[in-house]
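Me: I would like to learn how to read a structure like this one, feature by feature. Where should we begin?

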Amino acid sequence: MAVLDQTGGVARAAPDRARPREKALRRRSPALRRAFPYLLVAPAVIYLLGITLYPGAYAIYQSFYLVRFTEWIPVGFDNYVELWSDSEFWQALLNTLIIGGIALTLECVIAMALAFFAYRDALIRGWRIVFLMPMLFMPSAVAFIWKLAFNDGRVISDLLRKIGLIDGNLDFLGNVWLARSTLIVADVWQWTPFLFIIFVAALQSQDQEVEEAARLDGASWPAIFWNVSLPMIRPVIAVAVVLRGIDITTMFTNVFILTKGTPGGTTETISYFIYRQGFQTFNFGYASAAAVVMLVVTILAAQLVVKRAFRSGKA
Amino acid sequence: MEKRRKSKGDNLVLRYLVLGSWALFCLVPILWFLSIGFRPRTEIITPEPIYWPTFSLDAWRLLLADWPIFDYLRNSVVAVAGSVVIDLILGIPAAYSLTRYEYRGRDDIGFYILSTRMMAPAIVAIPIFFLFRNMGLLDSVWALMLIYAAVNLSIVVWIIRSYMLDIPKELEDAARTDGAGDLRILWEVIIPACLPGIITASVIAAIFAINEFLFTLLIASTKSAYTMSVALANFTGGSDGVIYNAIALVSFLAFLPILVLIVLIQKHLSRGLTMGAVKG
């Protein structure tokens, strides 16, 4: 673990020895001066390579082996071939897209609607913290809130029965869409505030005069919001949605606590699939193959989507 | 004038109806879960939900007697605080380098740092697990500290970078004409000037570290490394099932400090959460 040990060599020298070091630096060669910015950024980059490049290479290497406890048997591309024909893997991929897609869409629509009503309201500004509260709970705690409400405590069933929507109890773990909806509700409840606060901040920090001009022209608020305000904050929306999208496609905690993939693997996300293959059936080579596939997708997404979102966010 | 302020499509009743309902949707589950923390175990998992339970301090007694809650608390504090310190030591010089210098490959390095934010924990979980096992660091707070620092470093660098970009160049130039070198300028001019950014980055990194689940689940296996976040998942009493009142209490023990931190940085929150993309 030489990688992690080298951390902060340059950085730690910074505070107390700043002065003599700097003088020495100036007197020294121009080469050192040119290297200086690289030296400043190097510890962070080396540290990050330790959790990306090293594990990535390790996963690729391991994906060509059948790992049985301490024994590694080389199997070539067998893991990938098996993965290709593994319906559970495709199911997990599909579930991640379905659950993530629905949750992300709901979060965007709700956050946008709330931001529309809230951003010009001084009264709400003081109460903003109320809207943030779900985000401040540990995700594992949130998962337990909804586990108790949906499954163990049957509170949701009871409430639905009281308003006359259903008879008896709903088995939220027994039905595909009910189980998926528990994951969606938990995610929407916790993370809509994330998008909400970003949208509100962006809407409030934009140039008010453009809206004012549109209003004097007699446009209605929904029209102004849709045609004037939203296009202006589009770069920020892109950044926020990309960040939320990343987190939602790696959903693990809620699945682990709420559903464990039931019923029949229809709520298993790709993260949970890798975890289950690796740490429950100890099929490490196979799990690594799935991780490598996910890694490739991540790198592609990073190049295509995230780079663009953050570039435009800067401009 | 008043007439002009209100325009078409500005319906106050609808506005407060929508915002009020969502506020209730946010608050009611929290208040209900708080009530779970103060009711006896027999009134939590019942055939019919009990909405007006009897008050009880069972959960406190249970936590203090049966669960090493102070160990969990200590592990969380040590791992989280340590990881934030590592992040600042590595992140501040990196952010300084990315903002105040022009050199080849700078933007690519910046984007590489950002892109590590997108790495799903599950992708690297198995290699990291083997790595820490080979180093003999499984079930250790130090391993958690190192991994939390790695997970949050990209966020810290990018938030601080965003604040450093706002510092006027003249401030630096003035110090330079006084004969200060690069590192002294960083320490005496830049760091004080972007302190709000450093605090925002620290708070957000700390919250993400408190929340971290998958790595902690894999690394920690006894009370010597369990943090609050993962300890929750172990509050089960065998045949009695999940011990919800203890879970509720621990949730609120973690919630309160986070609430305080967030109130402190409220103005900077959206900027921090978008890693600097919103200047709100």
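Reply: Begin with the contact between the two chains. In this predicted model, 97 residues of chain A are in contact with 86 residues of chain B.

Me: Which element gives the largest share of the side of chain A that touches chain B?

Reply: The size of an interface is often given as the accessible area lost when the parts come together. Here the reading is by residues instead. H4(A) supplies the largest share of that side, 17 residues. By class, the side of chain A that touches chain B holds 70 nonpolar, 16 polar and 11 charged residues.

Me: How many residues does helix H4 of chain A have, and what does it reach from its first C-alpha to its last?

Reply: An α-helix has 3.6 residues a turn, so residues three or four places apart point the same way. Helix H4 of chain A covers residues 30-62, which is 33 residues, and reaches 44 Å, close to the 48 Å expected at 1.5 Å a residue. There is also a kink of about 40° in H4(A), at A:Ala42, shortly before the proline A:Pro43.

Me: Why does the span of helix H9 of chain A agree with what is expected?

Reply: Helix H9 of chain A (residues 139-152) has 14 residues, so at 1.5 Å a residue it should span 20 Å; its end C-alpha atoms are 18 Å apart, which agrees. H9(A) is mostly covered, with 13 of its 14 residues buried. Just after H9(A) comes A:Arg154, with a positive phi of about 55°.

Me: Where else should I look at the backbone angles?

Reply: Most residues other than glycine have a negative phi, and most peptide bonds are trans. A:Phe282 is not a glycine, yet its phi is positive, about 55°. A:Phe282 sits in the loop between H16 and helix H17 (284-314) of chain A. B:Asp139, also not a glycine, has a positive phi of about 60° and is found in the loop between helix H6 (121-134) and H7 of chain B. As for peptide bonds, the one from A:Thr262 to A:Pro263 is cis, with omega near -10°. A:Pro263 belongs to the loop between H15 and helix H16 (270-279) of chain A.

Me: Is A:Phe282 buried or exposed?

Reply: A:Phe282 is exposed, because 12 other C-beta atoms lie within 10 Å. B:Asp139 has 17 within 10 Å and is therefore partly exposed.

Me: Why does A:Val255 count as buried?

Reply: A:Val255 counts as buried because it has 27 C-beta neighbours inside 10 Å. Its place is in helix H15 (residues 253-259) of chain A. Leaving aside neighbours within four places in sequence, A:Val255 is in contact with A:Leu183, A:Gly261, A:Thr267, A:Glu268, A:Thr269 and A:Tyr272. For chain A as a whole, 45% of its 315 residues count as buried.

Me: How far apart in space are residues that are distant in sequence?

Reply: Take one pair from each chain. A:Val255 and A:Ala179 are 76 residues apart in sequence, and their C-alpha atoms are 9.9 Å apart. B:Leu34 and B:Phe252 are 218 residues apart along the chain, with 7.5 Å between their C-alpha atoms. B:Leu34 lies in helix H2 (residues 12-37) of chain B, and its contacts, leaving aside neighbours within four places in sequence, are B:Ala248 and B:Phe252. Among contacts in chain A between residues at least 6 apart in sequence, 73% join residues at least 24 apart.

Me: How many residues does the largest nonpolar core have?

Reply: The largest nonpolar core has 187 residues, and those with the most contacts inside it include A:Ile198, B:Ala125 and B:Leu144. Helix H7 (residues 141-165) of chain B gives the most to this core, 19 residues. B:Ala125 touches residues of both chains, among them A:Ile274, A:Tyr275, B:Leu214 and B:Phe215, with residues up to four places away in sequence not counted.

Me: Which helix of chain B has the lowest mean pLDDT?

Reply: Where pLDDT is low, the predicted coordinates should not be read in detail. Among the elements of chain B, helix H1 (residues 2-5) has the lowest mean pLDDT, 44, and helix H4 (residues 69-100) the highest, 95. Chain B has a mean pLDDT of 88, and 95% of its residues reach 70 or more. The model scores ipTM 0.91 and pTM 0.89.

Terms used: Residues are numbered from 1 along each chain as its sequence is written. Chains are lettered from A and ligands numbered from 1 in the order in which they are written. This is a predicted model: local features need pLDDT of at least 70, side-chain atom pairs count only at pLDDT 80 or more; totals for chains, interfaces and linings use all residues. Helices (H or I, at least four residues) and strands (E, at least two) are DSSP runs, numbered from the N terminus. The expected span of a helix is 1.5 Å times one less than its number of residues. The bend at a residue is the angle between axes fitted to the seven residues ending there and the seven starting there. pLDDT is the predictor's confidence in each residue, from 0 to 100. A nonpolar core is a set of buried Ala, Val, Leu, Ile, Met, Phe, Trp, Tyr and Cys residues joined through C-beta atoms within 7 Å. A residue is buried if 20 or more other C-beta atoms lie within 10 Å of its own, exposed if 12 or fewer, and partly exposed in between; C-beta atoms are placed from the backbone. Two residues are in contact if their C-beta atoms, placed from the backbone, lie within 7 Å. Ala, Val, Leu, Ile, Met, Phe, Trp, Tyr, Cys and Pro count as nonpolar, Asp, Glu, Lys and Arg as charged, and the others, Gly among them, as polar.
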